[in-house]
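I opened the notebook to record what I looked up in this structure. The entries go from the whole chain to single residues.

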Amino acid sequence: MAMLEIHDLEVFYGVIKAIKGISFKVNEGEVIALIGANGAGKTTILHTITGLIMPKKGRVIFDGIEISKIKSHKIVSMGMAHVPEGRRVFAQLSVFQNLMLGAFTRKDKAEIENSLKSIYKRFPRLEERKNQIAGTLSGGEQQMLAMGRALMSKPRIILMDEPSMGLSPIFVNEIFGIIEEVSQMGTTVLLVEQNAKKALAIADRAYVLETGNIILEGMASELLDNDEIRKAYLGE
């Protein structure tokens, strides 16, 4: 069953048409990858889904409800979380404070405490550094914090924008391992990622974007074996 549906989406920046009438869906429990070069429109799509940008045309439907005109904080409370490009942690706040901000839409104190314990179990480094100022963490640790903060909202679906950007190979492997674990725990994942090989390796299905259009879609395993994809996005 489709948890998230995008229908004929068009997004403009001024007179520039950034997204050109795309449609796709994310089924419950899937990991879906959006891949494409810089400027293809991947981040714009995530921003539109999460209410940061209003579409010119088209519909975004989450769990059967159209959310195209709903404000971001309301969308979070409906069960959608967004890990933005560049991590965007609150640099002057502690790790603990950042995580608690992720739960700002929740009222259940005991459940929030359980979620915090779960995040610390999944990200032991965050517990070790819970009183440390977030801006002093390494890039990989900040990415873990951004993911942990998003998970504190107890989302049904999590949107991740370039989670491996700027990280060392060791941290990249760790982050993708965590994404797989998040999926296995039952959270649906929509992943935007320039590291196409890594993204396709953990995804169920994928959509390939080029200048605001979806030019190819299919099972991730099949796209990994596609000669065009290998040449254009996998450097092979």
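**Entry 1, contacts along the chain.** I took two residues to be in contact when they have heavy atoms within 4.5 Å. With that in hand I looked at contacts between residues at least 6 apart in sequence, and found that 67% of them join residues at least 24 apart. I note here that the model is a predicted one, and that every value below is computed from it.

**Entry 2, the whole protein.** I counted the secondary structure and arrived at 10 helices and 10 strands. I then asked how the radius of gyration compares with that of a compact globule of 236 residues. The protein has 17 Å where such a globule would have a value near 18 Å, so the two agree. Along the principal axes, the C-alpha atoms fill a box of roughly 45 × 40 × 35 Å.

**Entry 3, surface and charge.** Of the 236 residues, 50% are buried, and I put the accessible surface at about 11,200 Å², with 52% of it belonging to carbon and sulfur atoms. For the charged side chains I found 29 positive and 28 negative, and the centres of the two sets lie 7 Å apart.

**Entry 4, aromatic rings.** I searched for paired rings and the count came to 1 aromatic pair. The partners are Phe24 and Tyr207, with ring centres 5.2 Å apart and planes at 50°, which makes the pair tilted because stacked would need planes under 30 degrees apart and edge-to-face over 60. I placed Phe24 in strand β2 (residues 16–27) and Tyr207 in strand β9 (residues 205–210), so the pair ties together parts that are 183 residues apart in sequence. Both Phe24 and Tyr207 are buried.

**Entry 5, helix α1.** Which residues does Ile49 touch, leaving aside neighbours within four places in sequence? I placed Ile49 in helix α1 (residues 42–49) and listed its contacts as Leu4, Ile6, Phe24, Val60, Ile67, Ile75, Met80, Leu159 and Leu190. Phe24, a member of the aromatic pair noted above, is thus one of the residues in contact with Ile49. Ile49 has a relative accessible area of 0% and therefore counts as buried. I also took the C-alpha separation of Ile49 and Phe104, which are 55 residues apart along the chain, and it is 20 Å.

Thr44 lies in helix α1 as well, and at 9% relative accessibility it counts as buried. Its contacts, again without neighbours within four places in sequence, are Val11, Tyr13, Ala18, Ile19 and Ile53. Between Thr44 and Phe123, which are 79 residues apart along the chain, the C-alpha distance is 29 Å.

**Entry 6, positive phi values.** I looked at residues other than glycine with a positive phi, and noted Asp8, where phi is near 50°; Asp8 is found in strand β1 (residues 2–13). Glu162 is not a glycine either, and its phi is about 50°. Glu162 sits in the loop between β7 (157–161) and α7 (169–184). Is Glu162 buried or exposed? At 5% relative accessibility Glu162 counts as buried, because the cut-off is under 20%.

**Entry 7, two further loops.** Ser153 belongs to the loop between α6 (139–151) and β7, and with a relative accessible area of 9% it is buried. Beyond its neighbours within four places in sequence, Ser153 is in contact with Val76, Ala81, Gly102 and Arg106.

Asp204 belongs to the loop between α8 (196–202) and β9, and its 34% relative accessibility makes it partly exposed, because that value falls between the 20% and 50% limits. Not counting residues up to four places away in sequence, I found Asp204 touching Gly29, Glu30, Val31, Met219 and Ala220. From Asp204 to Ser138 the distance is 30 Å, C-alpha to C-alpha, and they are 66 residues apart in sequence.

**Entry 8, helix α7.** My last look was at Val182, which is found in helix α7 and is buried, with a relative accessible area of 1%. Its contacts, leaving aside neighbours within four places in sequence, are Arg122, Leu151, Ile158, Thr187 and Val189. Val182 and Ile119 are 63 residues apart in sequence, and their C-alpha atoms are 11 Å apart in space.

Conventions. Residues are numbered from 1 along each chain as its sequence is written. This is a predicted model: local features need pLDDT of at least 70, side-chain atom pairs count only at pLDDT 80 or more; totals for chains, interfaces and linings use all residues. Side-chain values use heavy atoms; hydrogens and water are left out. Helices (H or I, at least four residues) and strands (E, at least two) are DSSP runs, numbered from the N terminus. The radius of gyration is taken over C-alpha atoms; the globule rule is 2.2 Å times the number of residues to the power 0.38. Buried means under 20% relative accessible area, exposed over 50%, partly exposed in between (1.4 Å probe, protein chains only). Accessible areas come from the Shrake-Rupley method with a 1.4 Å probe; for residues, only the protein chains shown count as cover. Lys and Arg count as positive and Asp and Glu as negative; His and the chain ends are not counted. The place of a charge is taken as NZ of Lys, CZ of Arg, CG of Asp or CD of Glu. Rings of Phe, Tyr and Trp (its six-membered ring) pair if their centres lie within 6.5 Å; planes under 30 degrees apart count as stacked, over 60 as edge-to-face and the rest as tilted.
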